[in-house]
Amino acid sequence: MTPEELRLWGGRFLDWVAGYHERIEDFPVLSQVRPGEVAAGLPASPPTEPEGFDAVLDDLDRVIVPGLTHWQAPGFFAYFPSPATGPAILGDLLSSGLGVQGMLWASSPACTELETRVMDWLVELCGLPRRFASDSSGGGVIQDSASSSALCALVAARERALAAASGATLADLVVYTSEHAHSSICKGARIAGFGAERIRFVDSDAGYAMSPEALAEAVAADRAAGLVPCAVMATAGTTSSLAFDPVAHLAATARAEGMWIHVDGALAGAAAVCPEFRFVNRGLGAVDSYCFNPHKWLCTNLDCTAMWVADRKALTDALSVTPEYLSNPESDKGTVIDYRDWQVPLGRRFRSLKLWLVLRWYGAEGLQAHIRSGVAWAQQFAGWVRRHPDFSLAAAAPLNLVCFRHRAGDDANRRILAALNESGRFYLTHTVLDGRCTLRLSVGTVSTRAHHVEAAWEAITEAAARL
């Protein structure tokens, strides 16, 4: 493809993407295809001869779009928001177009230094502890996901614990988390080599937050059994209910026991761009690592997770492997950051470009407006739930997630959910809290406005009236 052809087709494809966003409300939010239907619309074998991209654009409309669940639709209230905004899309285009490999400072200095600067911007923008800034012993890195962040934290915790506990083996180390923590914590612990019998699911309180007392009891029991407490994996805004673990209290136990403490800020961490929501940062001044996902609520598309550590040496010592072919003068002198040592893979994309463009396009004020609107509309929805005689809140709703249920029980809630999702106008998901089916409405899609939230509530009450 020549540069001229790239200009031509780049314009055509960008126009298609812009048109997709313009007509996003024309599609059913939840894909209506049956299993295998998309594959059946595609040839079984690859093309022998080159094909023109006119056919590709036709296939996008004919085959691909019907098989999409439209995460950018204003009626998308499922899981969590995942915003594909214009600045983020253009940032990904730049990243792909430049095609650099950011594994080392030497392999593209701008890739490394822009990432460091953008991560420092986020420390300031979100009011995070200064120990996470690059001019301290800590620093920030963009990971692909909170899952990878948890895995890296667990590997660092493992190596630190083994170095500190004379004679201990991996089989002696114990990881503590909550049953309400993201499933990636358990998966990461498995990958890092912790056996299933060494993962403790600490009891939660009535608000679905990890109990500090239960953690202390579990740690004491493991100490008495000759085991080595290694890591506490806490959450600031759980996936199911947006519960906040008491990080400061958990960190006190972790510090007393020599454990690493990691906090997954997932969706909720983005709220800290607004000073009034910085309760999401409570306790972070005492933790070893923290992450949240700009690709969930901060106008940045997948994949972009911001992770910080208080002691970057603890992380890089655990993850650094240096073959001769990566040796270079600046890395050997230790005067630069090599982000390959902050993650599991060697290769890394230029992810900071899209976050940089998002921060520059929206500015603090634009991002704050987005967060505040989502919170305001969710709070209005929660108020409607509270006042309705047949519905009740299933958990506290401090930000943009509302967990609620109909009083008629699990079957009724499942029927309401099915009616909403089959309508094509909305998509909600569910969870289980206290053993009961619970509906979740997550507000944060960039195209969502107040009238979409109101329409969802009207559809919910209409479905309930038909029970």
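**Close-up views of a predicted model**

**View A. The largest cavity holds about 100 Å³.** In this predicted model, 13 residues line the largest cavity. Phe-80, Thr-238, Thr-239, Leu-267 and Arg-440 are the closest to its centre. By class, the lining of the largest cavity is made of 6 nonpolar, 5 polar and 2 charged residues. The model has 2 cavities of 30 Å³ or more.

**View B. The second largest cavity encloses about 50 Å³.** Its lining includes two histidines, His-180 and His-182, with Ala-181 also on the list. Thr-235, Gly-237, Thr-238 and Thr-239 line the second largest cavity as well. Asp-264 and Ala-266 complete the lining. By class, 6 of these residues are polar, 2 are nonpolar and 1 is charged. Thr-238 and Thr-239 line this cavity, and both are also among the residues closest to the centre of the largest cavity.

**View C. An open sheet is built from 7 strands.** The strand order is 1-7-6-5-4-2-3. Pairing in the sheet is mixed. Strand 1 (139-143) and strand 3 (199-202) are the edge strands. Each of these two pairs on one side only. On average, neighbouring strands of the sheet are turned by 20° against each other, with direction ignored.

**View D. Strand 5 and strand 6 run parallel within a pair.** Strand 5 covers residues 260-264, and strand 6 covers residues 289-292. The two strands pair over 3 bridges. At one of the positions to look for, His-262 has Ser-289 in strand 6 as its bridge partner. Asp-264, in the residue range of strand 5, also lines the second largest cavity.

**View E. The largest pocket has a volume of about 500 Å³.** Its lining is formed by 18 residues. Closest to the centre are Tyr-20, His-21, Gln-72, Ala-84 and Asn-301. Helix 1 (3-22), helix 3 (53-64) and helix 4 (86-98) each supply at least two lining residues. Helix 1 gives the largest share, with 4 residues. By class, the lining of the largest pocket has 11 nonpolar, 6 polar and 1 charged residues.

**View F. The second largest pocket has a volume of about 280 Å³.** There are 13 residues in its lining. Ser-331, Gly-334, Val-336, Asp-338 and Asp-341 lie nearest its centre. Helix 11 (312-319) and helix 12 (329-333) each contribute at least two lining residues. Helix 11 gives the most, with 3 residues. The lining of the second largest pocket divides by class into 6 charged, 4 polar and 3 nonpolar residues.

**View G. Helix 13 has a kink centred on Gly-363.** The kink is about 85°. Helix 13 takes in residues 352-387. A straight helix of 36 residues would span 52 Å at 1.5 Å a residue. Between its end C-alpha atoms, helix 13 spans only 44 Å.

Note on methods: Residues are numbered from 1 along each chain as its sequence is written. This is a predicted model: local features need pLDDT of at least 70, side-chain atom pairs count only at pLDDT 80 or more; totals for chains, interfaces and linings use all residues. Side-chain values use heavy atoms; hydrogens and water are left out. The expected span of a helix is 1.5 Å times one less than its number of residues. The bend at a residue is the angle between axes fitted to the seven residues ending there and the seven starting there. On a 1 Å grid over the protein atoms alone, a cavity is a set of points where a 1.4 Å probe fits but cannot get out, and a pocket is an open set with protein on both sides within 12 Å along at least five of seven lines; lining residues have an atom within 4 Å of a point. Grid points are joined across faces, edges and corners, and a volume is the space filled by probe spheres set on the points. Ala, Val, Leu, Ile, Met, Phe, Trp, Tyr, Cys and Pro count as nonpolar, Asp, Glu, Lys and Arg as charged, and the others, Gly among them, as polar. Two strands pair if DSSP finds at least two bridges between them. Axes are lines fitted to C-alpha atoms, for helices over the stretch in contact, and angles run from 0 to 180 degrees between N-to-C directions.
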